[in-house]
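Hi,

Here is the structure I promised to pass on. Have a look at it first, and then read on for what turned up.

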Amino acid sequence: MTKITAINAYEMLDSRGNPTLGAEVITECGAKGFALCPSGASTGIYEAIELRDGDEKRYFGKGVLKAVANVERAIAPSLLGVDVLKQREIDKIMRDLDGSDNKSNLGANAILAVSLAAARAAAESLKMPLYRYLGGAICDKMPRPMMNILNGGAHAANNIDIQEFMIVPVSCKSFAEGLKMCSEVYHSLNKILKAEGLSCGVGDEGGFAPNLQSDEKALELIMKAVNTAGYSESDINIALDVASGEWNRGRSDYLLPKRNLKMSADNLIQYYETLSDKYPVISIEDGLGEDDWHAWGKLTKRLGEKIQLVGDDLFVTNTKRLEAGIKSGAANAILIKPNQIGTLTETLDVISLAKENGYNCILSHRSGETEDAFIADLAVATGVGQIKTGAPCRSDRVAKYNRLLKIEQEIKRG
Ligand code: PGA
Ligand code: ZN
């Protein structure tokens, strides 16, 4: 009764108004699962390939009709009759069918949408919530939000080079309380920006995107917002996503494009140390570029004892790249984005590898998102303890927070 009987695919839109792929998996017993792919802007060069049509007459080349056709004409015939409960087998069939290292033939967007939709259909066929199906009977660890409230870099049309300034609640007793604290700080920041005559327009992930004279000014404004909301450094800390891969593509040094400032890896490491001495920064993501392994080793030796150093573009949710990082002592945490690798199985495998080697994991959205809240369930199922899913603004971000609020209540009720 749990055999796959139909798979449908749809060209839909993401939060930036670009096409993305939705897939629906249906089983013999009538269970249905639907999932939508997100899409990055500051994508790592080693990510699995998102297949776009390249037909400039439609959506400026960003259509996904080829990926839709790949689902309906290649993937669906190969998966019909397969048991939807066998996620590893489903994902392996699609990987073999694609045959490439980076899913460039069928498209990681085509494969991931089916992979996630299959998991949803499986959960539905067992009448289980998705987090229970994926995480088992005893999963109950809610993630802490790492909430991006000030945007720069490739996600905002302002003059800030650091991509994300996030707040992290540390004194909260529940997810709901942490979310409340963060949301209050977000609103306080809004008022402060208004009072200082700064723009309250938002970036792709819902964080404010004002022009400021420096990164430090951003940190000062955020700490002011924390205090105005009635909190202190012992309640709310700061996490940064530098996304510095954007600064050194094809170069050995780093060029911060908005300020037109050149820095070496050593300068950057020193800068992070200074910032983290002055402000309660507990986590820094992509502080260095994805090919700068040697400097990553130095950064980790210098700051790894006191700060979470997260590899996003560095590891691209890929076990091979994480293995290389473990060997060379690069970073101590990994960002988990299912669409960087393209299947649920590989996402779960990289989380296991990270946990076995003492690396923290953070479930993450993309800057181009949808209403799909799969990562909320996945964060609870895997018990990773951290989720990065934007500001409490724009429904694509809030959908994940609302799903987590619901899951927390469901778990409490038992
Ligand atoms: P992206 O940004 O989705 O544009 O890659 C998110 C991140 O860098 O963490
Ligand atoms: Zn990142």
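A salt bridge here means a side-chain nitrogen of Lys or Arg within 4 Å of a carboxyl oxygen of Asp or Glu. Arg249 and Asp313 fit that, with their side chains meeting at 3.5 Å, N to O. One thing to keep in mind throughout is that this is a predicted model.

That pair links distant parts of the chain, 64 residues apart: Arg249 sits in the loop between α7 (245-248) and β8 (254-256), while Asp313 is in the loop between β11 and α10. Are the two partners buried or exposed? Arg249 counts as partly exposed, at 31% relative accessibility, whereas Asp313 is buried, with a relative accessible area of 3%. The cut-off used for buried is under 20% relative accessible area.

**Other salt bridges**

How many salt bridges does the structure hold? The count is 30. Here are a few of them.

- Asp266 and Lys298 meet through their side chains at 2.9 Å, N to O. Asp266 belongs to helix α8 (residues 265-278) and Lys298 to helix α9 (residues 293-303), so this salt bridge ties together parts that are 32 residues apart in sequence. Both ends are partly exposed: Asp266 has a relative accessible area of 41%, and Lys298 comes in at 36% relative accessibility.
- Glu164, Asp241, Glu285 and Lys388 are joined into one network by salt bridges that share partners.
- Glu50 pairs with Arg52, and their closest N and O atoms are 3.3 Å apart. Glu50 counts as partly exposed, at 30% relative accessibility.

**The zinc site**

Two members of that network, Asp241 and Glu285, turn up again at the metal. Which residues coordinate the zinc ion (ligand 2)? They are Asp241 (OD), Glu285 (OE) and Asp312 (OD), at 2.1 to 2.2 Å. If you want to pick the donor residues out of the sequence, their spacing is D-x43-E-x26-D. Asp241 lies in strand β7 (residues 236-241) and Asp312 in the loop between β11 (308-311) and α10 (319-328), so these two tie together parts that are 71 residues apart in sequence. Both Asp241 and Asp312 are buried. The loop that carries Asp312 also carries Asp313, the buried partner of Arg249 from above.

**The sheets**

Nine strands make up an open sheet with mixed pairing, and their order is β4-β14-β13-β12-β11-β10-β7-β6-β5. At its edges are β4 (144-145) and β5 (147-151), each of which pairs on one side only. Strand β7, home of the zinc donor Asp241, stands between β10 and β6 in that order. Further along, strand β13 (residues 360-364) and strand β14 (residues 386-388) run parallel and are joined by two bridges. There, Leu363 stands opposite Ile387 in β14.

There is also an open sheet of three strands, in the order β1-β2-β3, with antiparallel pairing. Its edge strands are β1 (4-13) and β3, each pairing on one side only. On average, neighbouring strands of this sheet are turned by 15 degrees against each other, direction ignored.

Strand by strand, that sheet goes like this:

- β1 and β2 run antiparallel and are joined by nine bridges. Met12 has Thr20 in β2 as its bridge partner.
- Strand β2 (residues 19-27) and strand β3 (residues 32-36) also run antiparallel, with five bridges between them. Ala23 stands opposite Ala35 in β3.
- The hairpin of β2 and β3 has four residues between the strands, and Gly30 takes a positive phi there, near 95 degrees.

**On the surface**

What forms the nonpolar patch with about 220 Å² of accessible area? Leu85, Leu126 and Met128 do, taken together. Of these, Leu85 is found in the loop between α1 (65-79) and α2 (87-98), and Leu85 is partly exposed, with a relative accessible area of 32%.

One more residue to look up is Lys306, in the loop between α9 and β11. Lys306 counts as partly exposed, at 48% relative accessibility. For a sense of scale, the C-alpha atoms of Lys306 and Ile49 are separated by 35 Å, and the two residues are 257 apart along the chain.

Cheers

Methods
Residues are numbered from 1 along each chain as its sequence is written. Chains are lettered from A and ligands numbered from 1 in the order in which they are written. This is a predicted model: local features need pLDDT of at least 70, side-chain atom pairs count only at pLDDT 80 or more; totals for chains, interfaces and linings use all residues. Side-chain values use heavy atoms; hydrogens and water are left out. Two strands pair if DSSP finds at least two bridges between them. Donors are N, O and S atoms within 2.8 Å of the metal (3.2 Å for Na, K and Ca); water is not among the atoms, so sites may look incomplete. Buried means under 20% relative accessible area, exposed over 50%, partly exposed in between (1.4 Å probe, protein chains only). Patches are made of residues with over 30% relative accessible area and no salt bridge: like charges are joined within 9 Å, nonpolar side chains (Val, Leu, Ile, Met, Phe, Trp, Tyr) within 5 Å. Accessible areas come from the Shrake-Rupley method with a 1.4 Å probe; for residues, only the protein chains shown count as cover. Axes are lines fitted to C-alpha atoms, for helices over the stretch in contact, and angles run from 0 to 180 degrees between N-to-C directions.
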